[in-house]
Amino acid sequence: MNHLQELQKKQKRNTRVILAMLICVIVFGIACLFAGSSNMSFSDALNALAGKGSAANVRIIWKIRVPRVLAALIAGAGLGVSGLVMQTTLNNAMASPSTFQSR
C-alpha cells in the first residue's frame, strides 16, 4: 500500500466518523426537544413544534426546549473551537486548560 492509498483510507474513515457524530448530534438534539418534566405526549410535542396545539405546549417547546438545545449546541461548539485553538497555538496535541496553570 502506498502513501496515497493510506491517506485516502484515513480520509474515508475520518469522514465516516464525522458523519456518525453529526447524525448523533442531530438525533440527540431532536430527542432533547421531546424530553422534559411536563406531561406532554410525543404527538403534543410534534404539534407544538409545528406551532399548533395548546398555548402552554407551544410556549414550552419554543421558549424552553428549543433555546436549551441551541444553547447546548453553541456551548459545545465553542468548547471544541477553544480546545482546537489552544492545541494549535501551543503546538501540543495534549494541551488542556491545566497547561496554563502557574505554580
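Helices (H or I, at least four residues) and strands (E, at least two) are DSSP runs, numbered from the N terminus. The close-ups below come from a predicted model, in which local features need pLDDT of at least 70 and side-chain atom pairs count only at pLDDT 80 or more, while totals for chains, interfaces and linings use all residues. Residues are numbered from 1 along each chain as its sequence is written, and side-chain values use heavy atoms, with hydrogens and water left out.

**View A. Arg65 is a buried residue of helix α3**. Buried means under 20% relative accessible area, exposed means over 50%, and partly exposed lies in between (1.4 Å probe, protein chains only). Arg65 has no salt bridge, that is, no side-chain nitrogen of Lys or Arg within 4 Å of a carboxyl oxygen of Asp or Glu. Its nearest side chain of opposite charge belongs to Asp44, 9.7 Å away; here Lys and Arg count as positive and Asp and Glu as negative, with His and the chain ends not counted. The side chain of Arg65 does meet that of Ser38 in a polar contact of 3.0 Å. Such a contact is a pair of N or O atoms within 3.5 Å; within protein, one must be able to donate a hydrogen and the other to accept it, and residues adjacent in sequence count only if both atoms are side-chain atoms.

**View B. Helix α1 carries a cap at its N-terminal end**. Asn2 provides this cap, with a side-chain oxygen 3.2 Å from the backbone nitrogen of Leu4. The helix covers residues 3-33, 31 residues in total, and reaches 45 Å from its first C-alpha to its last, close to the 45 Å expected. That expected span is 1.5 Å times one less than the number of residues.

**View C. Phe28 belongs to a nonpolar surface patch**. This residue of helix α1 is exposed, with a relative accessible area of 55%. Leu19, Leu22, Ile23, Ile26, Val27 and Ile30 join Phe28 in making the patch of about 680 Å².

**View D. Phe34 sits in the loop between α1 and α2 (42-49)**. Phe34 counts as partly exposed because its relative accessibility is 21%. Its C-alpha atom is 9.9 Å from that of Val66, and the two residues are 32 residues apart along the chain.

**View E. Asn91 lies in the segment after α3 (55-90)**. Asn91 has a positive phi of about 55°, although it is not a glycine. Is this residue buried or exposed? Asn91 counts as exposed, because its relative accessibility is 73%.

Methods: Patch = residues over 30% accessible without salt bridge, like charges linked within 9 Å, V, L, I, M, F, W, Y side chains within 5 Å. Areas by Shrake-Rupley, 256 points an atom, 1.4 Å probe, with all protein chains shown as cover.
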